[in-house]
Amino acid sequence: MVRHSSRIELSQSAMRHNINFLRSILGPHTDIALVVKANAYGHGIAPILKMGEKSGIGRFAVASSHEAAEVLENASERTRVLIMGILYDEDLTWAVESELEFYVFDLQRLEKAVTVAQKIGKPARIHLEIETGGNRTGLAFEDLDRAVKLIKAGKKHLHLVGVCSHLAGAETFAAHFRIARQVEAFNRLKKRFDQRKLAPEMYHLASSAASIAMPEVAFDMVRIGTAAYGIWPSPDVYNQYLLRSGQRELSHTLTRVMSWKTDVMHVKTVKKDEFIGYGTSFQAYRDMRIAVMPLGYANGYPREMSNRGHVLIHGRKAPVVGSVNMNMFMADISSIPDVQIGDEVVLIGRQKRNSISLRSFSEFSSALNNEFVSRLPAAIPRTIVR
Ligand SMILES: *Cc1c(COP(=O)(O)O)cnc(C)c1O
């Protein structure tokens, strides 16, 4: 295969560690569904599935039927796949046939699910998503009675796997008054389901932030993306965790799964007062040595890193100089001796004693960690390492 301009390494032990960390918070009665939407937050669906299954994950959640198809291709027989977002009517037969689980948040979908299931003689495996105040998807409160009737009437063709909702920003303290109301609403609705003897297999509400910051709302299952990849959902969640656990060491908690590497493409000397790259954003303040890297913003390295980011070469920090181009960028290697074409360059991750964190990307750009990783091009090769 022709070599790509960068590569991503995924640490199996880091993923296992993160999942065990979450399990230790959640206890033995809460299951973890691993969220692998957006190409597993940019990590790569196929390798993350393999790694997740190895860590004992039995259910993977995606945002769309299209992503579900990719999961199906790579998942083992017993693995359950859950579509939390878009599933078109035209794909409903395929979904039921493939025994996919999917969110239902309106009455039409509920009726259609019954019809399709009846036709092909297999039950539709549904998670009823209810509105609790997030005002995104979610079955409207006034449709609840009708939904319950439909589920009861369609009992032979429906498998009510879950009743669930989604919290609107458990990541930030500022939103916690909203979250508290949602939790109240969810508990009220749960009671109604329990009373009607329509109990689902599981109730689920929390994603990474709530699972860590308020594990009392974890119920039977949590849907975990961010934290499983070793990314803290937010500084607030990290603080909350420290306050609760009394723990002050970050190193025992979440570990980054991803490393991203490339290599030096070209090395040259630039005379004092010359400009580097396009335009005039960087002028050499002395004679400098620079390295050119074979990737740019088209390959996932954000333009926001222009004149701000760092890479690691020979275990030392080299500042990005000039603007990040579409397919190239430059770094100052004046203080790093003997840099050669082909030397390893770390964009994210560890090299000798130094490391570049994901956080360093989101501090420069206004983007959240998740926005940055989920945009990493699918074309970058991913390999699983220990
Ligand atoms: C993305 C998503 C999650 C996972 O959220 P994280 O914060 O990444 O853990 C959970 N539930 C739903 C409905 C989602 O869309």
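1. How far is an oxygen atom of the ligand from an N or O atom in the side chain of Ser208? The separation is 2.5 Å, which falls under the heading of a polar contact (a pair of N or O atoms within 3.5 Å). Please keep in mind that this is a predicted model, in which local features need pLDDT of at least 70 and side-chain atom pairs count only at pLDDT 80 or more, while totals for chains, interfaces and linings use all residues. Residues are numbered from 1 along each chain as its sequence is written, and side-chain values use heavy atoms, with hydrogens and water left out.

2. Two further side chains belong beside Ser208: a polar side-chain atom of Tyr41 lies 2.5 Å from an oxygen atom of the ligand, and an N or O atom in the side chain of Arg223 is 2.8 Å from a ligand nitrogen atom. The protein covers 90% of the 380 Å² of accessible area (Shrake-Rupley method, 1.4 Å probe) that the ligand has on its own.

3. Around the ligand there are 13 residues, each with a heavy atom within 4 Å of it, and Lys37, Tyr41, Ser208, Arg223 and Thr226 come nearest.

4. Elsewhere, the axes of helix α6 (residues 107–120) and helix α7 (residues 144–153) come within 10 Å and cross at roughly 5 degrees. That makes α6 roughly parallel to α7, a term for angles under 35 degrees. Leu107, Leu110 and Glu111 in α6 meet Arg146, Ala147, Leu150 and Ile151 in α7, where contact means heavy atoms within 4.5 Å.

Note on methods. Axes fitted to C-alpha atoms, helices over the stretch in contact; angles between N-to-C directions. Helix = DSSP H or I, 4+ residues; strand = E, 2+ residues; numbered from the N terminus. Parallel < 35°, antiparallel > 145°, perpendicular 65-115°, else oblique. Polar contact = N/O pair within 3.5 Å; in protein donor to acceptor, adjacent residues only side chain to side chain.
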